[in-house]
2 protein chains.
Amino acid sequence: MPMSILLHAARGETPVDLLVRNCQVVNVLSGEIHPCSVGVKNGIFVGFGEYEAQKVVDACGRFLCPGLIEGHIHIESTLLDPIRFAQVAAAHGTAVVVCDPHELANVMGLDGIRWLLETTRNLPLDIRCMMPSCVPATHLETSGAIITAQDIAAMFKEYPERVLGLAEMMNYPGVLYQDPQVMGKLFAAGERPIDGHAPGLSGFDLNAYILAGPGSDHEACHLDEAREKLRSGMHVMIREGSSEKNLFELLPLVNDFNSQNCSFVTDDRHCDDLLRDGHLDYTIRLAVSRGLSPLRAIQMASINTARYFGLRHRGAVAPGYRADFVLVDDLESFSIFQTYLDGSEISPASWRPAATDLSVTKSVHLGELNSSCLDMAAPMEGKRVRVIRTVPGQIVTEMDMIQALVQNGRVMADPEADVAKLAVFERHHGSGGVGLGLVRGLGLQAGAIASTVAHDSHNLIVAGVSDSDMILAVRTLAECGGGFVCVRDGWVLYLLALPLAGLMSDQEPETVASGLDQLNASARQLGCPENINPFMQLSFLSLPVIPRLRLTDRGLVDVQDFAFTSLVE
Amino acid sequence: MPMSILLHAARGETPVDLLVRNCQVVNVLSGEIHPCSVGVKNGIFVGFGEYEAQKVVDACGRFLCPGLIEGHIHIESTLLDPIRFAQVAAAHGTAVVVCDPHELANVMGLDGIRWLLETTRNLPLDIRCMMPSCVPATHLETSGAIITAQDIAAMFKEYPERVLGLAEMMNYPGVLYQDPQVMGKLFAAGERPIDGHAPGLSGFDLNAYILAGPGSDHEACHLDEAREKLRSGMHVMIREGSSEKNLFELLPLVNDFNSQNCSFVTDDRHCDDLLRDGHLDYTIRLAVSRGLSPLRAIQMASINTARYFGLRHRGAVAPGYRADFVLVDDLESFSIFQTYLDGSEISPASWRPAATDLSVTKSVHLGELNSSCLDMAAPMEGKRVRVIRTVPGQIVTEMDMIQALVQNGRVMADPEADVAKLAVFERHHGSGGVGLGLVRGLGLQAGAIASTVAHDSHNLIVAGVSDSDMILAVRTLAECGGGFVCVRDGWVLYLLALPLAGLMSDQEPETVASGLDQLNASARQLGCPENINPFMQLSFLSLPVIPRLRLTDRGLVDVQDFAFTSLVE
């Protein structure tokens, strides 16, 4: 019996598997750093003491910290497959990841979530997930799947250990107006954690939102907003990701009396940042550089997060906790010397998917493409057309009204005015649905760029100044199962294939990172300026919840009205 | 739908029931004290803000704190019935009590626990309980009931909301040696909280004990012991009760990084102390007087305890939490101005038992008493007898070996040598079982004293220098359903009846407190010296787990051997 074996080992009646000697334990429970030896049996800490051991590791005075815990991340944003993401994260000291497979779910629904859970089953890095709450994100787009309250309840049953709760409830108007489907999802979560997502919500509406269930927030960008949310009982997840960076602004929130209600999360972390700077180890380093005590920073990246999610025996070094720990030379640089997960030093190279599901690589299903599918009829004389104007470095857009360039009764791209054609192809059900529009600000002077990463439904989005290049870009992605592509004059300049649901690569992290560099270099050749990340901009042009004008597979959306609008005024 | 009503109120669309204006919220979540107004609807906090309200209370700048939470108490030790205990506790700011009905369970088993839960059902003060883990406490005594692992599992099912986990696991040898019944009880608790009870346990044995499940400790008397337990992952309950007072010793344990893992509890609190000094408000006052920050002290008496027990929506002032709060004038004196429970100012005088169960008043079932039942045969010439010697103010005893006073072939009490006869009558099943012995140190010069409070099985214990007075004392308690009694020369000097399971009074707290004074005064008339509490001493003489010599209904116990021994050497 496992418990019996542990008790015998804990009492010193049988040797432990591993004894780490000569270390300084960062004890996140007693709030101290104390010298000691730590015994491990069957992947579990049995406790402190000079145990007889099968294997003894001399930590040479290093600090022994609990393995780090990520409380909110979309693994898809790394572009890495979950196993390879785990390999990089573990090397940076991460032991547990609570992910929100929102993108995967929009493409593949429950099957996508199951694939994630199955492929990472038995991985030493412990991957849990929250059930995406908003699939589809809106009624203005066609997603690959619909996730209902019943689906959510079913997944809690199917994966009682690994599906922890309900992921970020972005539909806060649905909560405030008590939309039955939204309320059904909150109800399905029962007493499980429900993550919030309500940027800027305050006052009475915030009170109502919290009452309805969401217990955490990772969207606060301003100190006052975070303070109101903390006061009102939310667990504040301070986000330091690749695009959203809130650490420096929110750190003054943390005091000697409230830090147990705060955690560090990344939300979105790109693979190059992950490789170069790290994961939560980077956040700890950054926070400590700003004066946060290392002990508190480590608590915020371990036990605090475990407790918010009700994860037992995770995030601390004490009897009964899973033996996830890192050895670090000093707490300021927080450079990971070694990571141990489940009682053993990690060997990430040996990590392999536990199960394969080929359906995940066949997620691009287009309707018939023909030469006229990009045709937009010219407006009546004197009428202007709506153009999405991107804002460098931001995901909001503006709406411009212009006189379109017209040839042969069709609206054309107009490179001189920095106006490209934009199309979103429904790519989940092969319906042939396509939304057409214009975009200004990408700088395209030639060719086309396309992506199957296109929030939130991840249809196939393409921008270009040449219809034939646009069609080639679309065909290229359809054939490889999705990705990012640059096309010019009938040639593929660069393809970064993302065959896993059209969202993630199956290649090594270094390959993906250098591929992104080459992809962006190719986009520069098409005219995209240095100050924008063209594929990031492109991937958000289809997100109909952020102002102001967007394009989905079903048409142009004026976000101000949360309704479709026409190209022509 | 209740949630719908709350959301409408939170958004200000309908008036709240109560608005407390002009207060300083002690926010145990954000670790701040901030001015605000607080709205309440249907007994739930809807949040901060200037809500339109049916009723407005001006707090006149007072501090508004969450209602206090008691994490470990044996209500029976107050001698009060649970409703009256709740009335006093609520007036002192207590909102939630997690009790361990260990004494009641030893007398009445599951029916006693059910009675406790039913009689306090729907009380504004929220009473939860932990399932007693050690009934009977030992195999050396006859308890009123046996509680098995199956019983424990059944009660979790029967009271899923109110029975929270497994109460203090005192049988730590049973844990360390993996006694199947003990392990079965730990297993039955599953992921529910399991309270520990392992005074002095340390090192490898402590590690094993914690691994097996117990997650809290309230027995540490020394700072080093508490520190080791905290480091090893136990939630440290700092106890300040009527007899055990650990606050001053353990307070230095609490630092800026660990207080979330510490709580205040009382364990045992006598009704006079409760009336005079208070409950957890007293502990807060005491801790603050020793330099602990009031905010931290309040956290340790509210949210920290709620979280340890997994009590959702208790112990803080924020949307969704039950509207349990106290108004206090200042945080140093922590004098309770008003207590609100479930959204209303308390009116304890109106609190009545929710259900009655007369069986609880008929718990004393003796066998036939006859004149020879106290006879002890004289030892052979020259043989000495074992005598329990009490130690003033402590519950440990010593074992003396003396030449007994003998008359007519019987061992007699010997007042000149301060030796009284001692008897423990089995009082649960009417078996007629009686254990006989001698006790030294009570000072009895005449008459007898008797009690149905006799740890842990609560049989009827009587000490005296006159057989007839002893029998009268026993008969008196049998007739009234139990209590404390002093008898002299055929007269009852004073009877404090405890008809509820022979453990608790059905009278007003003030009556019980003054009754105790009169009882002790009567005992002084029998010769008991001022420096001992005779009924407290008496009630522990039957506890066969504390060194050194004890008497149960089944005979003399040498605790050193954890086995029966004989009167004669």
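In which sense do strand β25 and β26(A) of chain A pair, and over how many bridges? The views below come from a predicted model.

**View 1. Strands β25 and β26 of chain A pair side by side.** Strand β25 covers residues 483–488. The pairing with β26(A) is antiparallel and runs over six bridges. Within this pair, A:Cys486 stands opposite A:Tyr494 of β26(A).

**View 2. Eight strands of chain A form an open sheet.** The order is β18-β17-β22-β21-β24-β23-β25-β26, and the pairing is mixed. At the edges lie β18 (397–402) and β26 (491–497), each paired on one side only. From one strand to the next, the twist averages 25°.

**View 3. Helix α14 of chain A packs on the sheet.** This helix spans residues 467–480. The strands it touches include β21 (419–425), β23 (448–451) and β24 (460–464). Helix α14 also touches β25 and β26, and its direction makes about 150° with that of β25(A).

**View 4. Helix α15 of chain A lies across β25 and β26.** Helix α15 holds residues 509–525. It runs at about 150° to β26(A).

**View 5. A turn of 180° lays chain A on chain B.** The RMSD is 0.1 Å, and the shift along the axis is 0.0 Å. That is the relation of a two-fold axis. Of the residues of chain A, A:Asp256 comes closest to the rotation axis, with its C-alpha at 2.6 Å. The copies meet through the same surface, because 100% of the interface residues of chain A are also interface residues in chain B.

**View 6. B:Ser232 sits in a loop of chain B.** The loop joins α8 (223–231) to β12 (235–239). B:Ser232 counts as buried because its relative accessibility is 2%, under the 20% cut-off. Its contacts include A:Phe48, A:Ala318 and A:Pro319 from chain A. From chain B, B:Ser232 touches B:Leu206, B:Asn207 and B:Ile210, among others.

Terms used. Residues are numbered from 1 along each chain as its sequence is written. Chains are lettered from A and ligands numbered from 1 in the order in which they are written. This is a predicted model: local features need pLDDT of at least 70, side-chain atom pairs count only at pLDDT 80 or more; totals for chains, interfaces and linings use all residues. Side-chain values use heavy atoms; hydrogens and water are left out. Copies are superposed by least squares on the C-alpha atoms of residues with pLDDT of at least 70 in both. Contact means heavy atoms within 4.5 Å. Helices (H or I, at least four residues) and strands (E, at least two) are DSSP runs, numbered from the N terminus. Buried means under 20% relative accessible area, exposed over 50%, partly exposed in between (1.4 Å probe, protein chains only). Two strands pair if DSSP finds at least two bridges between them. Axes are lines fitted to C-alpha atoms, for helices over the stretch in contact, and angles run from 0 to 180 degrees between N-to-C directions. Lists of a residue's contacts leave out its neighbours within four places in sequence.
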